[in-house]
Protein chains: 2
Amino acid sequence: MNQGGHSRQSFGRKARTLLSLLSLMKMSSGSGEIVTSTGALAEILGVSQQTGSILLRELASAGLIMRRMSRRGERITLTPKAYDVVTQELAGIPLDSLSKASRTSPLKITGRAFTGKGEGAYYISQRAYSKQIEDKLGFAPYLGTLNLRVTKLDDINKLTLIYGTTPIVLKGFSTRERAFGDVQCYRVKVEGVSNAALVRSNRTAYDLTVVELISDKYLRKALSIKDGDGVSFSFPA
Amino acid sequence: MNQGGHSRQSFGRKARTLLSLLSLMKMSSGSGEIVTSTGALAEILGVSQQTGSILLRELASAGLIMRRMSRRGERITLTPKAYDVVTQELAGIPLDSLSKASRTSPLKITGRAFTGKGEGAYYISQRAYSKQIEDKLGFAPYLGTLNLRVTKLDDINKLTLIYGTTPIVLKGFSTRERAFGDVQCYRVKVEGVSNAALVRSNRTAYDLTVVELISDKYLRKALSIKDGDGVSFSFPA
DNA sequence: ATTACTAAGTGACGAGTAT
DNA sequence: TATACTCGTCACTTAGTAA
């Protein structure tokens, strides 16, 4: 029942649908599949869990997504129709003019600190990595990472902009125990600290909401950061 | 007052802003400037003139557009900030996957017939053009064009999709009086009539809301079209 | 003709809550 | 935990109209 008969708030409706789809597409990283919950999605979109629920229901009933619910969260699949809708809305937008549009101010991103499983520290502690960091980033890294969770959609958008730039790449290597893949680094400034970088490995790249930062300082101490604190960094550094 | 403090409907707000900007960008055809009125813009967006007015005021106060008002209509200029906003929202969207997303059904576009200034007929009457039409499109054109005005945003979006495909090009030429530029043709089916094409020249390309159709038949007569009638065509033909 | 104010109707949003 | 319902509140939209 998708005829032209505009009910009343069709513009706002369409706008919300488009922004929801764009967000889902970003989260899916091209795969067209997202595993999330109405609450998590809602937080990213900046709306309540209830509204997140309604948005997903609308998208589903419009045939734009498929939902597979399970006990803990659900699997959302974007349908071809969703891509059609976005394609139509974006058709005619000169994307070149977007990229040439001057990035005026640095990107500032805020996340909340949390304690990871120590895997980041394990990575950085590998000599082959830390040596490359000294060579390519110019500082000897503290042997640990500061983990941030980014939830605001605006910030996630900025992250994808950063990931779209050319990274400094730490080459992967193999020990007799296991293989370590390439790591992408982006120079950032963390609350005024310049010798810092955002690091992104295959291990974490799948989750757009998690950011790992390294620095020559023990950032938690230098900046007095506790779990749950808001931490901002800017790019370019 | 554009701080992070999400007031209440920031999601819907952002969504409307984004869709408005996208529409304006499409209308500007990359130049970043649009000459329109709140009423005309509103019709394209599918909202009332009042809402169109409010949208423009919001965009202006957010620093996303500049408005130069004059007696009849106004000149709108998109600011760099507008491109930044759109860039951010579109960052991370794999645009390639959009174009490869299967166009399933043909595009159907509806416009309202109107009487032009006869320039289209003047063009078609040029032997150099009509000869090429016979050769490349396979029919001898009726020496006139059917003009349609397209106002619905969805239809304009579809038009830009059509313009994104590879056209059949009628080569330009010069008479001793003046020069005629290249003309892009797209095969369409007009209300079931197959020998038809949408023609686009430098003369009309600036206005996305105007469509010129040619056919081997006198379409106004064959389909009993009067000014103001709704006429639909589909692509691919 | 245009833009935009006011008032009123309606839809969207979120807190509380059921499941 | 999760999703989604009810309902009160507020924002968006539009008709009428002023300028």
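Which side chain of chain A places an N or O atom 2.8 Å from a base nitrogen of DNA strand D? In this predicted model, that side chain belongs to Gln49(A).

**View 1. Side chains of both protein chains meet DNA strand D.** Gln49(A) has an N or O side-chain atom 2.8 Å from a base nitrogen of the strand. Gln50(B) also faces a base nitrogen, at 2.9 Å from an N or O atom of its side chain. Arg16(B) meets the backbone instead: an N or O atom of its side chain is 2.9 Å from a phosphate oxygen of DNA strand D. Two or more residues each come from helix 2 (38-45), helix 3 (49-61) and strand 2 (65-69) of chain A, and from helix 1 (10-28) and helix 3 (49-61) of chain B.

**View 2. The protein surface near DNA strand D.** There are 22 residues around the strand. Thr38(A), Gln49(A), Ser48(B), Gln50(B) and Thr51(B) come nearest. On the DNA side, sugar and phosphate make up 67% of the strand's atoms that come within 4 Å of the protein. Helix 3 of chain A gives the largest share of this surface, four residues. By type, the surface residues are three nonpolar, 12 polar and seven charged.

**View 3. Met66(A) in strand 2 of chain A.** Met66(A) is partly exposed, at 44% relative accessible area. Its contacts beyond four places in sequence are Arg75(A), Ile76(A), Thr77(A) and Thr79(A). Ile76(A) is 10 residues away in sequence, yet the two C-alpha atoms are 5.7 Å apart.

**View 4. A salt bridge between chains A and B.** Side chains of opposite charge can pair when their charged atoms come close. Here Glu89(B) and Lys26(A) pair, at 3.9 Å from N to O. Glu89(B) sits in helix 4 (residues 80-90) of chain B, and Lys26(A) in helix 1 (residues 10-28) of chain A. Glu89(B) counts as buried because its relative accessible area is 3%. Lys26(A) is also buried, at 3%.

**View 5. A salt bridge within helix 8 of chain A.** Lys158(A) and Asp155(A) have their closest N and O atoms 3.9 Å apart. Both lie in helix 8 (residues 153-163), three residues apart, about one turn of the helix. Lys158(A) is buried, at 17% relative accessibility. Asp155(A) is buried too, at 5%.

**View 6. A salt bridge in chain B, Asp216(B) with Lys217(B).** The closest N and O atoms are 3.5 Å apart. Asp216(B) is partly exposed, at 28% relative accessibility. Lys217(B) is partly exposed, at 39%. Over all chains, the structure holds 18 salt bridges.

Note on methods:
Residues numbered from 1 in each chain as written. Chains lettered and ligands numbered in written order. Predicted model: local features only at pLDDT ≥ 70, side-chain atom pairs only at ≥ 80, totals over all residues. Heavy atoms only, no water. Near = heavy atom within 4 Å. Polar contact = N/O pair within 3.5 Å; in protein donor to acceptor, adjacent residues only side chain to side chain. Nonpolar A, V, L, I, M, F, W, Y, C, P; charged D, E, K, R; others polar. Buried < 20%, exposed > 50% of the residue type's maximum accessible area, 1.4 Å probe, protein only. Contact = heavy atoms within 4.5 Å. Salt bridge = Lys/Arg side-chain N within 4 Å of Asp/Glu carboxyl O.
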